[in-house]
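Let's take a walk through this structure together, one region at a time. Keep the 3D view open and follow along.

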Amino acid sequence: GFERPDLDEEFVAPRNSIEQSLAQFWSELLGVQKIGIHDSFFDLGGHSLIAVRLFRMIKKEFATDLPISILFQAPTIAQCAELIAQAAGTATERGGATNGTENSADRVPASTPAMRRFVHVVPMNPGRNALNTPLFICAGMFGNVLNLRHLAEQIGHDRPVYGLQARGLYGDQPPHETFEEMARDNLVEVRHVQPSGPYLLSGFSGGGLVAHEMARQLAEAGEEVDLVVLLDTPFPEDVPLSRADRIAMKLQDLNRDGPRYAIDWTKNKLAWQKRRRELGAGAPDRGSDEFHNEAIEAAFRRALGRYRAPRSNWPVVLLRPRLDVRYRLSGGRVLNSDRALLHADNGWTPYVDDLTILEVPGDHDSMVLEPNVRVLSGHLRRALRMRSARPAFDHPKAAE
């Protein structure tokens, strides 16, 4: 592993068995030899894929099912260890001299009780101006908000930011089966944080559909929605492909990729067939290790097929990357690599009266990551300031 990088925090060694186990997990996953209990998971290069593996190890070692979004409130070993000890009903052992003082990182963040109370709301950034109207961002199809951390950091310059994660991401609750149910349960918690409007809502990818439905339910309840921001959310649309379309697509693949296309296609098909045989033989579902990703995705796709979006009269901003055209078909149709129809408006014009479209750098996934997120957040902060130029209001924070 690598040596510990130069961090703001001084190195403090683990003081008890829980912290020692966590330090070992972090070292193994992050490739860093010496990790202190006050070092931030994110400062050491941690990201959502590593976080999933980390919390799988925590669940196995301590029989404790914590949401990975807890890393927003407890990004250090000391804080995570305290949560694990609380979950086990014991106090964390204190080891070593403290010189009569207690480092603030030793204490569980004040927002931890709120994290326990809420299923969906995740405080992502308290904001430099905590009295400005907060932004709520719905997670994408897999229900995890950790990939939106960089965006929350940027938007926090202006206002508090809260994520909305899926039910069933951890624990034994089943995921929602409709967007209407998702929106309803999200709003119960949102209104604990912000009891009344005007509201600022957003959603990444498929989460934009949930944000759209939340706006509908708020408007129906007589509340005001200042803005809904869609972060590359495509409107669901069936793409019936004829035999001629499929032949044209294969020819374009061959023309673009040459012999490699046939090799990759064969490898992918064999891997898919092997996975089907494993599941048919009762092999453990690897998705269960990934915090129920497969169950959440399946439920989301079922909800997608059932959703009938209303036409909105609230302002909508669509932030999307440049259209990634992979296939060109007759009738001017263009498809991406997922065989989804591409539109300059992501298909939203028939459902939105006031739509603004802004193109941002990167692709669907990297647009919310460094460095592309700086451009995206600049557009988003300007849009939010324009739409929320109202007197500040005193909303209760989820951390209280």
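Which side chain meets that of Lys59 in a salt bridge? The partner is Asp65, with N and O 3.9 Å apart. Keep in mind as you look that this is a predicted model. Both ends of this pair can be judged by how much of their surface is open. Lys59 is partly exposed, with a relative accessible area of 38%, and Asp65 is partly exposed too, at 27%.

That pair belongs to a bigger set, since the count of salt bridges comes to 20. Let's visit a few others. Arg191 forms a salt bridge with Glu223, and here the closest N and O atoms are 2.7 Å apart. This pair links distant parts of the chain: Arg191 sits in helix H6 (residues 179-193), while Glu223 is in the loop between helix H7 (207-220) and S5, and the two are 32 residues apart. Arg191 itself is partly exposed, with a relative accessible area of 31%.

Now move to helix H10 (residues 293-306), where Arg301 and Glu297 are four residues apart, so about one helical turn separates them. These two form a salt bridge as well, with the closest N and O atoms 3.1 Å apart. Arg301 is partly exposed at 48% relative accessible area, and Glu297 is partly exposed at 21%. Elsewhere, salt bridges that share partners tie Asp158, Arg381 and Arg385 into one network.

Stay around H10 for a moment and look at Glu177, which is placed in the loop between S3 and H6. Glu177 counts as partly exposed, because its relative accessibility is 27% and the buried class ends at 20%. What does Glu177 touch, once its neighbours within four places in sequence are left aside? Its contacts are Ala299, Arg302, Ala303 and Arg306. With Arg302 there is a polar contact, side chain to side chain, at 2.7 Å. As for Arg306, its C-alpha atom is 9.1 Å from that of Glu177, though the two residues are 129 apart along the chain.

Next, find helix H7. At 1.5 Å a residue, its 14 residues should span 20 Å, and its end C-alpha atoms are indeed 20 Å apart, which agrees. Is this helix mostly enclosed or mostly open? Eleven of the 14 residues of H7 are buried, so the helix is largely enclosed by the rest of the structure. Among those buried residues are Gly207, Leu209, Val210, Met214 and Leu218, and His212, Glu213 and Gln217 are on the list too. They pack against quite a set of elements: strand S2 (135-138), strand S3 (161-164), H6, strand S4 (199-204), S5 and H10. Just after H7, you'll come to Gly222, which takes a positive phi of about 90°.

From there, carry on to the strands. Strand S5 (residues 225-231) pairs with S6 in the parallel sense, over four bridges. One place to spot this is Leu231, whose bridge partner in S6 is Leu319. S6 also has strand S9 (residues 355-360) as a partner: six bridges join them, and they run parallel. Here you can look for Leu318, whose bridge partner in S9 is Ile357.

Why is S6 said to be largely enclosed by the rest of the structure? Six of the six residues of this strand (residues 316-321) are buried, so the rest of the structure largely encloses it. In a regular strand, side chains alternate between the two faces of the sheet. You can see two sets here: Val316, Leu318 and Arg320 point one way from S6, Val317, Leu319 and Pro321 point the other way, and all are buried.

Let's finish with one residue of that strand. Arg320 is placed in S6, and it counts as buried because its relative accessibility is 8%, with the cut-off for buried set at under 20%. Where does its side chain find a polar partner? A polar atom of the Arg320 side chain lies 2.8 Å from the backbone oxygen of Ala344. Beyond residues up to four places away in sequence, Arg320 touches Asp232, His343, Ala344, Asn346, Ile357, Leu358, Glu359 and Val360. Ile357 may ring a bell: it is the bridge partner of Leu318 in S9.

Technical notes:
Residues are numbered from 1 along each chain as its sequence is written. This is a predicted model: local features need pLDDT of at least 70, side-chain atom pairs count only at pLDDT 80 or more; totals for chains, interfaces and linings use all residues. Side-chain values use heavy atoms; hydrogens and water are left out. Buried means under 20% relative accessible area, exposed over 50%, partly exposed in between (1.4 Å probe, protein chains only). Two strands pair if DSSP finds at least two bridges between them. A polar contact is a pair of N or O atoms within 3.5 Å; within protein, one must be able to donate a hydrogen and the other to accept it, and residues adjacent in sequence count only if both atoms are side-chain atoms. Contact means heavy atoms within 4.5 Å. A salt bridge is a side-chain nitrogen of Lys or Arg within 4 Å of a carboxyl oxygen of Asp or Glu. The expected span of a helix is 1.5 Å times one less than its number of residues.
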